[in-house]
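Colleague: I'd like to learn how to read a structure like this one feature by feature. Could you walk me through it?

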Amino acid sequence: MGSFYTDCIERNFRAGYKSLGYFIGRHPWWFLFTPIFFSIGLGSGFYFLKTRTSNNIEEQFTPLNGHAKMERKYMQETFPRNSTGFSSLRMTTDGTYATFIAATDTNILSIKSLEEVIELDFQIKSMKVQLANGTSDYSDVCALVNGRCSSNNILELINYNAHNIDSVNLTFPWYNSENGSLPLFTILGNVDLNINSSIVQSAEAIHLIYYLETDKATADIWLENFLTLLSNQSTSVQVSYATSMSMQWEFEKSSDSVIFLFSITYTIAIIFSTGSCWRLDNVRTKVWVALCGVLSTGLAILSGFGALLLLGQPFVMTAASCPFMLLGTGLDDMFIMTSCWQRTRVLDSVPRRLSQTYSEAAVSITITSITDALALFLGYTSPFGSVQSFCLYAGVSVVFCYLYSITFLGACMALNGQREAGNRHWFTCMKVPEDLPSSSSKVFSLCCIGGGYNRMTEKEPGEPVSSFFQRFYGPFLTHKFIKAFVFVIYAAYLAVSVFGCLTIKEGLDIRNLALDNSYILDFYQSQKEYFSDYSCNVMVAVKQPFPYWDEEEYEKLHSCILTFENLPYVNSTQAWFLAFQEYANETNLNLTTHEFYKSSLSQFLDLYPEFKQDINLTENYEIQASRFFIQTLDRTIVKDAMVGLRTTADTCPIELLVYHPLFIYYDQYTVVTDNAIQTIMIAVVAMLVIAFLFIPNLICCIWVAFAIGSVVVGVAGFMSLWGVSLDSISLINLVMCIGFSVDFSTHITYAFVSSPKSDANKKAIDSLAHLGFPILQGALSTILGVVVLSMSGSYIFRTFFKIVFLVISFGLVHGLVFLPVFLSLVGSLA
């Protein structure tokens, strides 16, 4: 491999860190207190946490420049809202509303059930809300249609009297009333029709909506009172409820749910790190170094988060999972540095021991820190605000974690080394004998002696686990039959991973943003159970001035409508020009010339004013743009339906644009996969470049890049099999996965190429003996850091646990099983 040896950067880097280690070893107090005071200063940024918090679901979990947001802007500018003619069909946003679904196993249209629904409707409308300027009820805040509150038409049909239901022949899916066609499919669920008829016999659910049109503060108070009212109801029918703000409010509760879990995590980290660094030798034990490792990570989080808050960066709830990840990252560096310290000569001075430690550990922890940070900063290019916030907060904190590892943690190791050099007890700091006095008991030997070391090597005794890696595991793994078996295992792992990648689902289910015990999940379940046949009513805008009176041109538009209706997920079309044509046929109007069309249109719109919101007219009734609506069915994947509608609009010879408020959220399906692949590919190339700069062997760098790709494929495949979709939440973790997957493979690869042994198998054994235990410690500390998130009631944090668990597990297997075998074969071939 001599021709591929490129250690010029690595050699100079080690020399620089060797000098730094010596300097810190001579002046530890400066490097101990400076990071503490610096962190306290930056930590003042937490004062702004509340004002910097940005948890708006649309802003953070939909593409920042999504296609639907441009479509919405066009619709809002071209077809402005009519304040006196509210129409839910024509809303370009979700609007402000409260809603409930009443359901029963028998018939919701029975007199008894309807009486309960009507009573609940009465309570909602008469509910008094206390405001700053007095009390208010629904009539004061409702959306108005011709001066009256927009109503639930089905209750008006029976005049709010349940006994009248038998005298009304409801037809499904549309009911033609005096006020126009009523879409019963949005009101009644699981409908049973009379044989050979469209008349409703029974239904299992009824869906009522109460739209508001007032200032946000007043609306929020009314909605909160609505939730209180509905939560205290006791009826024989099953009632599920929600508001337009419910998901937002429920999502904001998620961060509070992990505060307690983080305190548990920190306790576990302290126990594990001190336990794994504990030695029976009362002088050589590294308890204080372990505690400082935990503290160093805490200071990094304080500094990173505080600095960004001071700079005004928005804090999204997804960033609340960063501390769980960073705790494992910081402890991993601590374990590596501790392992390197233990391989230095005990009789050397503290500055010399620390300089040697830095020389051995600096390259390894530098590569992992750079790759972790770079992967996260690359993730900042994501089109999702939630991903950007997480990656920025995590990336900056990783940088601080690295800086504090080589300053604060190094100073702690130097001070602990001074204690060891004085042969002082780890707790009392009193001098203790190295050997057991003849008159002392065994209890005395456990508590009051220490400082022993190997007189032959002049180094501290190695840990039993490191001895296991060197004497048993390493030789076992490098046996030729075991190598063949490892290849079989890897082939199976790769096959399952690829299968999982091929079956992965895309997109964030908005329901996953609520906590598991949220009332809103019952509402979504009722929607799915009773109202799943029909989907959204999509707006289609004709963006150009169009001659509707020209039969030839009109035929082109009609052809486009037929193309829409031929799609398997389109049910029907509603359009002002179709209604106008029917009106013209009934009244024998002539619509074949421009002037006749304009004059007749004026009469028509006076009779049906709701259609005025669908036409952009000049003062002399010239049509600049217009829109119509197509009703879709829930028969396909939402991404396919949205893309299919857009494609159909683009192929029409007339300039069309399709839009629905839900498209704002559906846009994620069109970008999440491409963005994930692009970010991962760029990151893998960047990791390869960094590894090549620091690891003095080209072939081994290629193996590191291979390990990254292999782990990413494994995580993506197995997360799919574990029920995790590819969405903005899991994309965060996949970006993080790129950095984490580098850690273990880099440690082992660097140890392999740095080993003085000549035989490839012995190099592999030597690398496992030196870094097998620290890698195992780092993996366990990271898993323990996130394991409590598995108990979280939030999908976001459970997903974080699942993917970090997969990343660390697969990274560990690659670092301790696959890579040593692959590297030993490369070394043998070379």
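Colleague: Let's start with Glu-420: is it buried or exposed?

Modeller: Keep in mind that this is a predicted model. Glu-420 is buried, at 2% relative accessibility, because anything under 20% falls in that class.

Colleague: And which residue does Glu-420 form a salt bridge with?

Modeller: The general idea comes first: side chains of opposite charge can pair when their charged atoms come close. Here the partner is Arg-353, with the closest N and O atoms 3.8 Å apart. The pair links distant parts of the chain, since Arg-353 sits in helix H14 (residues 350–379) and Glu-420 in helix H16 (residues 408–421), 67 residues apart. Arg-353 counts as buried too, at 3% relative accessibility.

Colleague: How many salt bridges are there by this rule?

Modeller: The count comes to 25. Take Lys-253 and Glu-250, whose side chains meet at 2.8 Å, N to O. Glu-250 is buried at 4% relative accessibility, whereas Lys-253 is partly exposed at 41%.

Colleague: What about a salt bridge within one helix?

Modeller: The rule of thumb is that an α-helix has 3.6 residues a turn, so residues three or four places apart point the same way. In this model, Lys-556 and Glu-553 form a salt bridge of 3.3 Å, N to O. They are three residues apart in helix H21 (residues 551–565), so about one helical turn separates them. Lys-556 is partly exposed, with a relative accessible area of 35%, and Glu-553 is partly exposed as well, at 24%.

Colleague: Which residues do salt bridges with shared partners join into one network?

Modeller: That network takes in Arg-284, Lys-286, Arg-353, Glu-420 and Glu-460. You've met two of its members already, Arg-353 and Glu-420.

Colleague: Okay, now helices. How do I read the length of helix H23?

Modeller: Compare its span with what you'd expect at 1.5 Å a residue. H23 covers residues 594–607, 14 residues in all, and reaches 20 Å from its first C-alpha to its last, close to the expected 20 Å.

Colleague: Which residues of H23 are buried, and what covers them?

Modeller: The buried ones are Tyr-597, Lys-598, Ser-600, Leu-601, Phe-604 and Leu-605. Their cover includes helix H22 (576–587), strand S15 (615–617) and strand S16 (623–633).

Colleague: How about the backbone? I never know which angles deserve a second look.

Modeller: Start from the usual pattern: most residues other than glycine have a negative phi, and most peptide bonds are trans. Asn-588, in the loop between H22 and H23, has a positive phi near 60 degrees. Asn-588 is exposed, with a relative accessible area of 69%. Asn-159 also has a positive phi, of about 55 degrees, without being a glycine. Asn-159 lies in the loop between H8 and S6 and is exposed at 59% relative accessible area.

Colleague: And which peptide bond is cis, with omega near 10 degrees?

Modeller: The one from Phe-172 to Pro-173. Pro-173 lies in the loop between helix H8 (153–157) and strand S6 (174–177).

Colleague: Last topic: empty space. How many cavities of 30 Å³ or more does the structure hold?

Modeller: The principle is that rolling a probe the size of a water molecule over the atoms shows where empty space is left. The structure holds six such cavities. The second largest has about 50 Å³ of space. Its lining includes Cys-277, Arg-279, Phe-335 and Gln-777, and helix H13 (322–342) and helix H29 (760–786) each supply at least two residues. By type, the lining residues divide into four nonpolar, four polar and two charged.

Colleague: And what volume does the second largest pocket have?

Modeller: About 920 Å³. This pocket is lined by 36 residues, with Ser-339, Gln-342, Arg-343, Lys-459 and His-770 nearest its centre. Among the elements giving two or more residues to the lining are helix H1 (8–26), helix H18 (464–477) and helix H28 (728–754). H14 gives the most, with six residues. The lining of this pocket divides into eight nonpolar, 15 polar and 13 charged residues.

Technical notes:
Residues numbered from 1 in each chain as written. Predicted model: local features only at pLDDT ≥ 70, side-chain atom pairs only at ≥ 80, totals over all residues. Heavy atoms only, no water. Helix = DSSP H or I, 4+ residues; strand = E, 2+ residues; numbered from the N terminus. Expected span 1.5 Å × (residues − 1). Buried < 20%, exposed > 50% of the residue type's maximum accessible area, 1.4 Å probe, protein only. Contact = heavy atoms within 4.5 Å. Salt bridge = Lys/Arg side-chain N within 4 Å of Asp/Glu carboxyl O. 1 Å grid on protein atoms, 1.4 Å probe; cavity = no way out; pocket = protein on both sides within 12 Å on 5 of 7 lines; lining within 4 Å. Points joined across faces, edges and corners; volume = space filled by probe spheres on them. Nonpolar A, V, L, I, M, F, W, Y, C, P; charged D, E, K, R; others polar.
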